[in-house]
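The exercises below go with the structure shown next, and each task is followed by a solution that goes step by step. Please try each task on the model before reading on.

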Amino acid sequence: MTNILVVDDSATMRRMVMAALRGLGDVGFHEAQSGLEAIERLSVHPVDLVLLDLNMPDMHGLEVLRFLRAHRAFEKLPVVVLTTRGDEESRAAALGEGATLYLTKPFAPGDLAPRVRELLERG
Amino acid sequence: MEPGQFFGGLMDDYFAECDEHLASLRRLLMELEQDGAARPFAEERVRGIFRALHTLKGLSGMVGFAESEAVAHALEAWLRGAAPEGFVPPGASLDVLFEGTALLERCLHARRADAAPLEVEAFVSRIRRAPPRPAGVAPAPAAGGLSAAEALRLEAALARGDRVQELEFVPTPEGVARGVGVEAVRGRLSERGEILQVVPRVLPGRGVAFRFVVALAEGRDLPDAWRADGLSWEAPRAGPREEAAAPVPGAAASNVVRVGLPRLDELLRMVGELVISRSRLDDLLRGSWNGGGVPLDALEEINAGMERQLRDLREGVMRVRLVAVGEAFERMRFVVRDVAVGAGKEVRVEMRGQDTELDKLVVERMLEPLLHLVRNAVSHGIELPAEREAAGKPRQGRLLLAASAAGERVRIEVADDGRGIDPGAVAARARAQGLAVADAPDDAALLEILCTPGFSTREVADLASGRGIGMDVVRSTLRALGGELSMASEAGRGTRFAVELPLTLMIVDALLVRIGGQTMAVPQPALLEVIQVEADEVVTLENNEVVRYRGKVLPLLRLRRLFALEDGGGEGSGARASFPVLVVGSEAQPTGLAVDRLAGLREIVVRPLADPLVSVPGIAAATELGDGRVCLILDAAALVQLGHRLREAAAVSGGASSSRPTAGVA
């Protein structure tokens with residue numbers, strides 16, 4: 001079973017992401033509502049891929065990414081940044097911090113799953 | 001598949017969450033405007049506004065609400081241009097954000113009501129600026145140093161005399177499964193003090209630890225029990241005193257209520273008691289199978305116990321519907337600002353008792369009437385700054401929103417320190433409209449005049465107040481909720497409106513019926529069916545009247561006779577050719593309640609009658625119809641039982657009547 005961690009401070013958005021990824025098949029979800037919780041979940045659960053929102057209170061997604069990439073256990077973990085900021089600067093910043101993929105919201109429901117599947121198969 | 005369809009099941013979540021973000025926006029904007037000075041806090045607030053807009057944009061885009069998405073996006077872009085360094089320069093106008101937030105509210109409202117999506121292109125184009133530099137909404141530094149805002153908070157905490165405590169939390173799989181995760185720990189600590197900083201760090205392997213820095217007040221200690229949850233700390237560093245957590249933004253007008261865990265635990269406890277009662281019943285019954293029968297007094301005791309427990313549970317569940325009025329007050333504050341700016345007035349809003357709780361439905365229904373009072377106060381009550389100064393008052397008018405609870409009622413006040421109501425002028429205008437008025441009307445009489453349909457709002461039509469609901473509608477709406485309106489005013493000093501409302505509310509759909517000249521209500525859930533019966537279909541069996549119904553026999557209860565009501569002014573008698581019958585009770589054993597006429601469907605507010613002196617079998621509650629008439633509500637279940645007893649009595653005594661209860665409103 002593939003374990004996916006969905007990180008977003010909006011509960012509704014998390015549910016939407018999970019709904020969009022259910023088509024992936026044998027997949028289990030963990031949720032985190034903040035950067036701190038994301039880090040915590042990663043330390044106590046096995047996780048194969050992370051969907052990470054950037055704009056969260058208390059700990060920005062980029063900080064989370066920076067923290068993860070500095071930790072040997074997580075430096076290769078696939079992280080998909082999912083954010084509303086579509087500008088090039090933000091994209092470059094996220095990829096610079098080590099994001100594996102940079103996607104923007106809103107996304108069409110059918111678009112997310114194939115890209116995530118592709119990432120999982122690649123890994 | 002259309003995004004709207006794909007995410008259809010999540011729409012309640014979407015609306016509830018948008019409400020929260022809008023509430024945050026309103027609050028942050030008001031805070032920014034009022035005390036924008038303190039720089040680091042202003043930056044935090046701007047970041048908060050960005051986040052709220054981001055989320056609103058993202059969610060709206062996901063469900064295909066393009067207009068909301070466009071407005072949120074436009075506001076975001078505008079803010080980035082207006083706050084390039086991440087804070088709004090002092091003196092800058094935030095009107096665009098206020099306007100945009102109000103527009104977003106309207107967009108969501110339209111979507112909720114399934115109406116056509118609003119046109120927003122005009123607003124969006126108007127606020128469009130030259131493409132802004134993307135702002136550095138820079139993340140705060142990770143480990144070690146405190147950000148500017150955190151440093152300020154630390155200073156404030158030390159100045160208060162709090163002691164600063166460092167703790168470490170190491171999450172474990174078992175702990176997290178049990179619910180003790182970093183967010184839960186954060187919640188616990190917020191209850192005891194102010195969290196100044198949280199920093200994660202790595203441990204060997206996959207582990208992490210979170211270092212918390214907390215300001216704790218005098219006497220606020222960390223329970224040793226927490227050490228078993230993965231928390232560790234050393235003796236504190238020095239100094240006393242305390243303060244509390246950031247309030248969770250409450251959900252506003254939606255079909256969803258947030259329930260605190262303590263309340264749910266309490267309900268669960270009550271359910272537990274019922275379970276125990278039932279199992280005692282079980283024991284008794286089991287015992288009786290072993291011969292010897294069931295001890296009646298034990299049964300009585302259990303029955304009485306369960307009745308009490310059910311009543312407590314019912315009340316407990318009703319209390320789940322309670323929400324704090326603070327949220328409604330915040331929305332009123334927002335409106336005050338709008339109206340004041342539009343009218344050139346300066347108004348300061350004071351609030352008291354924001355934590356007072358009220359039924360969510362009551363809050364939603366009374367919001368419009370209260371907003372009307374608030375708009376009135378700002379448009380007409382409070383004078384222009386120059387006028388106030390000339391009268392020796394401070395330039396800034398004061399509007400007080402206060403809530404307090406007394407037993408089963410909640411009192412809400414809207415008070416201003418404006419020009420007050422001029423009794424002479426109102427009386428004169430009333431007389432000119434042909435109303436009979438005393439020479440020197442007191443406050444109660446003045447209120448009566450103001451609430452006369454069509455009295456003042458037409459004449460003082462202005463965009464802010466003339467929204468189509470007058471004082472008469474305010475009062476009738478409040479009355480329909482079981483509330484009452486009162487007023488106190490002093491010319492030159494100000495006016496205070498007070499609203500008293502019941503704490504909890506039950507609203508049901510009901511069928512109104514006419515029985516012997518009286519109107520009564522039957523809650524729709526109690527009705528199986530309504531049929532029309534011809535007089536000659538009624539057959540008498542063993543002294544009981546019945547009709548054929550769905551292949552069975554339906555016993556009839558003639559309510560007019562039961563309640564011994566006289567025919568009101570020739571509305572009909574037993575000699576009627578046909579009459580309606582309400583079929584109630586169980587599907588297996590229904591009973592028919594015969595009435596004179598049907599009088600329509602109505603949504604009514606149920607006011608239970610608890611006074612033992614007015615207890616009549618078959619009547620459990622009353623309601624007030626919109627026109628001020630009081631109407632009794634029939635208790636169908638009780639009537640069914642009453643019918644059974646009367647039938648048995650009739651069969652036994654061969655037709656001689658047993659006691660008949662009387663009922664009705666004089």
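## Exercise 1: Chain B as a whole

Chain B has 19 helices and 22 strands, in a model that is predicted.

Task: Describe how much of chain B is buried, what its accessible surface is made of, and how its contacts are spread along the sequence.

Solution. Begin with burial: of the 666 residues of chain B, 45% count as buried. Next take the surface, where the accessible area of chain B comes to about 32,900 Å², with 53% of it belonging to carbon and sulfur atoms. Finally turn to the contacts in chain B with a separation of 6 or more, of which 69% are between residues 24 or more positions apart.

## Exercise 2: The interface of chain A and chain B

Task: How many residues of each chain are in contact, and what area is buried between chain A and chain B?

Solution. On one side there are 39 residues of chain A, and these are in contact with 45 residues of chain B. The size of an interface is often given as the accessible area lost when the parts come together. Here the area buried between the two chains is about 3,600 Å², and carbon and sulfur atoms give 65% of that area.

Task: Which polar pairings cross the interface, and which elements of chain A take part?

Solution. Start with the charged pairing: the rule finds one salt bridge across the interface, and Asp13(B) forms a salt bridge with Arg15(A), with the closest N and O atoms 2.5 Å apart. Then add the polar contacts, for which the rule finds ten residue pairs, both residues being at pLDDT 80 or more. On the side of chain A that touches chain B, the elements giving two or more residues are helix H1 (11-21), helix H2 (35-44) and helix H3 (61-69). H2(A) gives the most, with eight residues. As a last step, divide the residues of this side by type, which yields 20 nonpolar, ten polar and nine charged.

## Exercise 3: Asn55(A)

Task: Is Asn55(A) buried or exposed, and why?

Solution. First locate the residue: Asn55(A) lies in the loop between strand S3 (49-52) and H3 of chain A. Asn55(A) counts as buried because its relative accessible area is 10%, and the cut-off for buried is under 20%. Then list its surroundings: leaving aside residues up to four places away in sequence, Asn55(A) touches Asp9(A), His60(A), Thr83(A) and Arg85(A), together with Arg51(B) and His54(B). With His54(B), the pairing is a polar contact between the two side chains, at 3.4 Å.

Technical notes
Residues are numbered from 1 along each chain as its sequence is written. Chains are lettered from A and ligands numbered from 1 in the order in which they are written. This is a predicted model: local features need pLDDT of at least 70, side-chain atom pairs count only at pLDDT 80 or more; totals for chains, interfaces and linings use all residues. Side-chain values use heavy atoms; hydrogens and water are left out. Contact means heavy atoms within 4.5 Å. Buried area is the accessible area (1.4 Å probe) that two parts lose on being put together, summed over both. A salt bridge is a side-chain nitrogen of Lys or Arg within 4 Å of a carboxyl oxygen of Asp or Glu. A polar contact is a pair of N or O atoms within 3.5 Å; within protein, one must be able to donate a hydrogen and the other to accept it, and residues adjacent in sequence count only if both atoms are side-chain atoms. Helices (H or I, at least four residues) and strands (E, at least two) are DSSP runs, numbered from the N terminus. Ala, Val, Leu, Ile, Met, Phe, Trp, Tyr, Cys and Pro count as nonpolar, Asp, Glu, Lys and Arg as charged, and the others, Gly among them, as polar. Buried means under 20% relative accessible area, exposed over 50%, partly exposed in between (1.4 Å probe, protein chains only). Accessible areas come from the Shrake-Rupley method with a 1.4 Å probe; for residues, only the protein chains shown count as cover.
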